[in-house]
Structure formats: C-alpha cells, structure tokens
Amino acid sequence: MVRAAVLPAVGAPLEITDIVLPEPGPGQVRIALAAAGVCHSDLSLSNGTMRVPVPAVLGHEGAGTVLAVGEGVTHVAPGDGVVLNWAPSCGVCFHCRIGEVWLCADALKGVSRLHARTADGTGLHPGLNVAAFAQETVVAANCVLPAPDGIPLTDAALLGCAVLTGYGAVHHSARVREGESVVVFGIGGVGLAVLQAARIAGASRIIAVDVSPAKEELARQAGATDYVIASDTTPREIRKLTGGQGADVAVECVGRPATIRAAWESTRRGGRTTVVGIGGKDQEVTFNALEIFHWGRSLTGCVYGNSDPAQDLPVLADHIRAGRFDLSMMVTEHIGLDGIPAAFDNMIAGKGGRALVVF
C-alpha cells in the first residue's frame with residue numbers, strides 16, 4: 001500500500017487514501033517520489049476544465065528515485081534519480097516526425113490505462129500519465145528522464161512542468177531577444193519561471209502583472225524590473241512603462257479571456273503574445289478584424305513550453321548549476337499530501353508561488 005491523493009470524480013474533493021500499485025511490467029518503472037509540485041493543471045483536472053478518465057491519481061510534476069524497472073528498460077536503473085515527463089513523445093506521429101514533440105498525438109495515451117487500485121479494488125487512472133501525488137508511482141519508461149547531476153530531487157521536481165513550460169514559453173514560443181521588453185501576466189509557479197527565463201534571455205525590461213500586491217517581492221526576486229497590480233487599465237500602464245509603445249512580448253500564464261485580451265493589448269504594434277494559461281472551452285476571446293490588421297500583433301498558444309524535455313533539461317540544468325535559474329525561490333510552501341486541497345484554494349485565491357508536496 002502507498003498513500004496517494006485520489007480524485008474520485010470530477011468536481012469531487014480529493015481523497016487522501018491508500019492505493020495498491022502493481023509491480024512494473026515490461027517497459028515500466030517504479031519510482032519513490034521525492035517531491036511533486038502542485039500545478040494549476042491539477043486544479044483544472046479536478047474541476048473538469050481538462051478532461052481525463054476518473055477516478056484518478058493526480059499530480060504530474062515530480063521527481064524521485066527508481067525502485068524497480070520492468071523488462072526492456074535500460075536507460076534508468078534502481079537507485080537512479082529521475083524527473084517525471086507527463087507528456088512523452090511517441091516519435092512516430094506527424095508532429096513528432098516534424099520535430100514538434102510537444103504536440104505529440106499520443107502524449108496522453110497512457111491516461112486511459114489502469115494505474116492502480118484502491119483498497120476496495122476500484123481501478124484508478126494515472127491523471128496526466130504519471131500520478132505524482134503519491135508516495136510511489138509506476139509509469140511508462142518514456143515518462144522518466146535521468147535527473148540532472150548536482151540538483152536535489154526536491155528541487156528537480158519543478159523541472160517536470162513549471163520550469164520547462166516557463167523557460168520554453170520565453171525561448172521557444174515567444175523567442176525573446178536580448179534588449180526586448182517582456183510583460184508576464186500571472187505570477188504563480190509558471191510565471192516565476194517565465195520571469196527568470198526572460199532575465200536569462202537578456203530582456204531589458206521585465207514587467208510582472210498580478211492581482212496580488214503580496215507577490216511583488218517574489219516577482220522582483222525572479223527578475224521583474226517593474227510590478228503592476230492587474231486592473232482594467234493594465235495595458236495603459238504597460239504602455240507608460242515602455243515609452244508609450246507597449247511591450248515587445250507578453251506571456252499570459254492565467255488562462256482567462258480578460259487576461260489574454262489584456263496581454264495582447266499590452267504589446268506594441270507588431271508585438272508577440274504567448275498564451276500559456278489553460279482556460280475553458282466555453283470561454284471566448286474576441287477581436288475585431290480591423291484591429292488584427294492594424295496592430296500587426298501575433299497571438300500564439302504554447303503547450304508545455306513548446307519544449308523537448310530530453311534536449312531542454314540539460315540546458316536548464318546548466319543555468320541552475322551556474323546560479324542563473326533559482327528553483328528554490330519558486331516554492332512558497334512545502335506541504336504533505338493532505339495539504340493539496342488548501343494549495344488548490346490558494347491558487348484560486350491568487351496566493352503564493354509553487355506549493356511543493358515533499359515525501
């Protein structure tokens with residue numbers, strides 16, 4: 001038996017309970033979790049914004065130590081530290097063949113399998129493939145990557161989602177160039193990663209926008225040069241801070257129509273907006289045809305930072321070891337499994353950065 005956070009049904013409270021994990025079969029790996037980050041996507045799964053089979057063990061951002069491997073697994077061995085990769089690429093679908101592995105058609109194929117069982121025999125699915133809200137998990141071998149040397153596993157847990165997403169949004173999607181100005185909407189875990197990535201990219205002015213005044217110190221620690229409290233006048237304030245033009249780049253980490261629209265309006269003519277936040281399918285963002293032509297701005301979605309984890313993790317590890325990227329500052333509370341519901345409440349209320357479940 002291992003302890004886990006189970007979502008019994010969409011919209012239902014999480015249940016912290018014992019589950020029964022199978023031994024790893026061919027092509028599988030069993031892992032003892034060191035830590036798991038509480039991501040907004042987990043909240044989106046619990047409330048139905050994103051759909052996966054339930055009941056399920058949530059959690060998709062984590063790192064731990066290999067306990068056992070199944071037949072055919074050779075890239076990791078018992079005792080190895082690993083980072084979980086919730087969206088593994090199949091390597092053969094259309095998007096993988098053209099190098100867009102973050103759009104892999106089969107990345108979430110594993111969520112339909114039965115991952116474990118409750119004590120009474122109820123089958124459980126693995127949330128976003130990896131079921132990291134548990135003391136231990138069993139995952140497909142392509143869902144684990146060797147943890148970078150010299151980085152504690154509790155810190156490395158953040159690499160599995162927030163950091164790859166934030167870093168990739170800046171370097172792969174928005175392609176921030178040295179000297180450009182960047183505005184970041186939403187200073188949670190991903191937003192803090194975006195701020196640090198913008199600083200690494202050499203952005204000249206980095207403006208953080210959030211509803212909470214309490215996050216200013218944290219945002220500045222991550223690299224923000226300016227802090228703006230979100231309001232109806234935010235785009236106007238951004239233009240004032242950027243010589244009347246607007247920012248070169250906006251990165252939206254909230255996923256709300258009003259915030260996406262504000263991010264787009266905050267960029268200069270010809271500016272670029274990358275949307276990282278995940279909103280509901282019934283939430284619409286509107287533009288008129290003339291303004292699209294006149295402003296010449298671009299608006300792009302961004303999945304998992306448009307990242308290839310196998311290539312990006314070594315690059316990020318170099319930045320972390322060199323002190324350019326600070327993982328520990330992103331974590332504003334350490335919790336146990338029973339603290340996840342309160343962490344969800346804090347997300348909804350716009351409080352804090354990343355909550356980290358430590359096992």
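When I say that two residues are in contact, I mean that they have heavy atoms within 4.5 Å, and please keep in mind that everything I describe comes from a predicted model.

With that in hand, let me start at Asn85, which sits in the loop between strand E6, residues 81-84, and helix H2, residues 94-97. Leaving aside neighbours within four places in sequence, Asn85 is in contact with Val130, Asn142, Cys143, Leu145, Tyr304 and Pro309. Its relative accessibility is 7%, and because buried means under 20%, Asn85 counts as buried. The side chain of Asn85 has a polar contact, at 3.2 Å, with the side chain of Tyr304, and a polar atom of that Asn85 side chain also lies 3.3 Å from the backbone nitrogen of Ala87.

Two of those contacts of Asn85, namely Asn142 and Cys143, bring me to the second largest pocket, since both of them appear in its lining, together with Pro88, Cys90, Asp106, Ala107, Lys109, Gly110, Arg113, Asn129 and Ala140. The space in this second largest pocket comes to about 190 Å³, and its lining, sorted by class, consists of five nonpolar, three polar and three charged residues.

Let me turn, finally, to Thr267, which belongs to strand E15, residues 267-275. Is Thr267 buried or exposed? Thr267 counts as buried, because its relative accessibility is 0%. If we do not count residues up to four places away in sequence, the residues that Thr267 touches include Gln245, Gly246, Ala247, Val249 and Ala250, and also Arg297.

Note on methods. Residues are numbered from 1 along each chain as its sequence is written. This is a predicted model: local features need pLDDT of at least 70, side-chain atom pairs count only at pLDDT 80 or more; totals for chains, interfaces and linings use all residues. Side-chain values use heavy atoms; hydrogens and water are left out. On a 1 Å grid over the protein atoms alone, a cavity is a set of points where a 1.4 Å probe fits but cannot get out, and a pocket is an open set with protein on both sides within 12 Å along at least five of seven lines; lining residues have an atom within 4 Å of a point. Grid points are joined across faces, edges and corners, and a volume is the space filled by probe spheres set on the points. Ala, Val, Leu, Ile, Met, Phe, Trp, Tyr, Cys and Pro count as nonpolar, Asp, Glu, Lys and Arg as charged, and the others, Gly among them, as polar. Helices (H or I, at least four residues) and strands (E, at least two) are DSSP runs, numbered from the N terminus. Buried means under 20% relative accessible area, exposed over 50%, partly exposed in between (1.4 Å probe, protein chains only). A polar contact is a pair of N or O atoms within 3.5 Å; within protein, one must be able to donate a hydrogen and the other to accept it, and residues adjacent in sequence count only if both atoms are side-chain atoms.
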